[in-house]
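Q: I have a chain open in the viewer and would like to go through it with you. Could we take it bit by bit?
A: Gladly; put it up and ask away.

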Amino acid sequence: LCKANRFHEALEINREIVHIQSSGMMTKDRMLFVAGIWMHIGLIYSKLDSLDEAIDCYECALEIRIDQLGDSNSSVALILHMIGALHLKQGDFHLAAATADEYRSHIRTSDETGKAQLSDALCDLGQSQVANGEQVMALSTFKEALMIEHALIGPQRFSTPEILKEIGKIYLNREETEKALHCFAEAVDFC
């Protein structure tokens, strides 16, 4: 139904699935299945630009996943990342930054989650900090992401030029032109 842009019908069906699945004995597998359906409903609301509803659905999934898998599971970090992105899309930079910070702490304590996700979380946090006018904090955050890119993933990862561009923009805003040009030139070298 979603591929045919029949989102409202898909919402009804998915909500009915949650209702039916929740009415029986709730095993771990069944709870995780319901969490997956909440994620799908959240995605549909996202596509409909009903961001508050999407966040509510992701938070339902988050609660279930934490209960069933623990807060260090990689799926918890993924849901936090999605919630933070929606806060950013809403223009709620403080909530986006707080969610990105929580996401980052979950990634650091997770054995399952790759360091690439930590770098992505730092980039999200840096963008929120820039939007909040926190240039010094954003610069530090982006530099940490760049260090992870170089040390743990390798400089060939696609986000390295993006991080360098963001650092360069901060330097440019601070009127540190030489440093900005160096970052922009390095970013171009990666492309």
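Q: Is H87 buried or exposed?
A: Bear in mind that this is a predicted model. In it, H87 has a relative accessible area of 7%, and because the cut-off for buried is under 20%, H87 counts as buried.

Q: Where does H87 sit, and what does it touch?
A: H87 belongs to helix α4, which covers residues 74–90. Leaving aside residues up to four places away in sequence, H87 touches I55, D92, L95, A96 and T99.

Q: Stepping back, how many helices and strands are there in the chain?
A: The chain has nine helices and zero strands, so that reading from the N terminus each element is an α. Of its 191 residues, 40% count as buried, and the accessible surface comes to about 10200 Å², with 54% of that belonging to carbon and sulfur atoms.

Q: And what share of the contacts is between residues far along the sequence, say 24 or more positions apart?
A: Among contacts with a separation of 6 or more, 51% are between residues 24 or more positions apart.

Q: How do α1 and α2 pack?
A: Helix α1 (residues 7–22) and helix α2 (residues 28–47) pack at an angle of about 160°, and their axes are 10 Å apart. Angles over 145 degrees count as roughly antiparallel, and therefore α1 is roughly antiparallel to α2. The contact includes F7, L11 and V18 from α1, and F33, W38 and Y45 from α2.

Q: Which hand does the crossing of α1 and α2 have?
A: The crossing of α1 and α2 is left-handed.

Q: New topic: what is the phi of D49?
A: D49 has a positive phi of about 60°, although it is not a glycine. For background, most residues other than glycine have a negative phi. D49 lies in the loop between α2 and α3 and is exposed, with a relative accessible area of 53%.

Q: Which residue with a positive phi follows α8?
A: That is E175, with a phi near 60°, and E175 is not a glycine either. E175 is in the loop between α8 and α9 and, at 70% relative accessibility, counts as exposed.

Q: What about α8 itself, how far apart are its end C-alpha atoms?
A: They are 21 Å apart, and this agrees with the expected span, because 15 residues at 1.5 Å a residue should span 21 Å. The buried residues of α8 include P161, I163, L164, E166 and Y171.

Definitions and conventions:
Residues numbered from 1 in each chain as written. Predicted model: local features only at pLDDT ≥ 70, side-chain atom pairs only at ≥ 80, totals over all residues. Heavy atoms only, no water. Helix = DSSP H or I, 4+ residues; strand = E, 2+ residues; numbered from the N terminus. Buried < 20%, exposed > 50% of the residue type's maximum accessible area, 1.4 Å probe, protein only. Contact = heavy atoms within 4.5 Å. Areas by Shrake-Rupley, 256 points an atom, 1.4 Å probe, with all protein chains shown as cover. Expected span 1.5 Å × (residues − 1). Axes fitted to C-alpha atoms, helices over the stretch in contact; angles between N-to-C directions. Parallel < 35°, antiparallel > 145°, perpendicular 65-115°, else oblique. Left-handed = near helix turned anticlockwise from the far one by under 90°.
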